[in-house]
Amino acid sequence: MSATFAQPPVGDPCFTESYSRVILKQRVFQEIGQIVYKACGIRLVHGKEELVRSRLLKRLRALGLPNFEVYMHYVKDKKNEQELKVMIESLTTNKTSFFRENPHFEYMRTSILPGLIARGSGVRIWSAGCSSGEEPYSIAILLDEEWPCLNRSDLRILATDISTPILEKARKGEYEKELLMGIPAYFREKYFSRILSAPVPTFRINDSIKKMVRFANLNLMAPWPMKGSFDLIFCRNVMIYFDHATQQELVRRFYDILVPGGYLMVGHSESLIASDCDLKYIRPATYMRE
Ligand SMILES: C[S@@+](CC[C@H](N)C(=O)[O-])C[C@H]1O[C@@H](n2cnc3c(N)ncnc32)[C@H](O)[C@@H]1O
């Protein structure tokens, strides 16, 4: 079915009020869950109904659609192919921060990078599920801080995510002051500059750091176009949204794309996922391909 609907008058209080009464039926929630799982591995488990409803209500409102049943027809209509991507983007969780789970960065600084750099054959790092860029920029800052003379052409930091809007944000590299609270003041001063024209205190990451990171749109469930392998993969707080079978398959693919001696870092709450794969446990949430 394809249908056209009049756009609602923006800010019309009656319209907003009517949307607050739109119900997401269990059957439709399950259908959304199946579609999202198939497309990107994210599991919408029981309990997520209200989150799905509130996030997708914004899409109903933007498209002028009256309820979730009609929205699902819209998503499945071949003419609206792009909406599946928008739906997934609306449902992803993008929470992140600079130097999140700092022990990973400390371990990288003290125990992984010195050996890699001494080896002299370049360093390849992948931030898989990079969200708005804080994770790959933290990696770049750390490298610049500790190894300022490292030749930039010997370094690759690839940062990928499924969400196009979040990658746009990452590429911009602009962060409100509160988002920089967790990093040392010295880093703020050295690696960011204040955007004077911004209405609220906002800082932009320096171009020298931006240039160290290459951002790309990638669904981890799809084939990976990258050539060559990685010395270090960060895939933190991403697999937490996948089921066990999907996690296992992904970890297997990470294994294949790591060099022998390469590391996989996962989120601290995900540390069980490698229990049945060939990676060696090194320390909490850190694994190595032997
Ligand atoms: C909670 S954020 C984690 C960001 C960062 N890694 C960290 O730990 O701070 C999870 C990110 O994974 C992305 N993501 C979820 N499913 C994905 C998939 N199938 N392929 C690629 N990225 C995905 C989301 O868009 C989101 O930006």
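## Where the two domains meet

In this predicted model, six residues of domain 1 are in contact with eleven residues of domain 2; contact here means that the C-beta atoms of two residues, placed from the backbone, lie within 7 Å. The side of domain 1 that touches domain 2 has three nonpolar, one polar and two charged residues. For these classes, Ala, Val, Leu, Ile, Met, Phe, Trp, Tyr, Cys and Pro count as nonpolar, Asp, Glu, Lys and Arg as charged, and the others, Gly among them, as polar.

Domain 1 covers 13-91 and domain 2 covers 103-288, with bounds that come from an automatic or database domain assignment. Taken over C-alpha atoms, the centres of domain 1 and domain 2 are 31 Å apart.

## How far to trust the model

This is a predicted model, in which local features need pLDDT of at least 70, side-chain atom pairs count only at pLDDT 80 or more, and totals for chains, interfaces and linings use all residues. Residues are numbered from 1 along each chain as its sequence is written.

The protein chain has an average pLDDT of 92, and 92% of the residues score at least 70; pLDDT is the predictor's confidence in each residue, from 0 to 100. Residues 1-11 have a pLDDT below 50, and this stretch has 13 contacts in the model beyond near neighbours in sequence.

## Around the ligand

Which residues are closest to the ligand? They are T92, T96, G129, S131 and I162, out of 26 that surround the ligand; to be near, a residue needs its C-beta atom, placed from the backbone, within 6 Å. This shell has ten nonpolar, eleven polar and five charged residues. Both domain 1 and domain 2 give residues to the shell, so the ligand lies between them.

## The nonpolar core

The largest nonpolar core has 67 residues, and A140, I157, I233, C235 and L264 touch the most other members. Such a core is a set of buried Ala, Val, Leu, Ile, Met, Phe, Trp, Tyr and Cys residues joined through C-beta atoms within 7 Å. Domain 1 and domain 2 both give residues to this core, so the core lies between them.

Leaving out residues up to four places away in sequence, I233 touches W126, A128, F254, L258 and L264.

## A look at G133

G133 sits in the loop between strand 1 (123-128) and helix 7 (134-146). Helices (H or I, at least four residues) and strands (E, at least two) are DSSP runs, numbered from the N terminus.

Is G133 buried or exposed? G133 is buried, because 28 other C-beta atoms lie within 10 Å; buried means 20 or more such atoms within 10 Å of a residue's own C-beta atom, exposed means 12 or fewer, and partly exposed is in between, with C-beta atoms placed from the backbone. Not counting residues up to four places away in sequence, G133 touches A159, A170 and G173.
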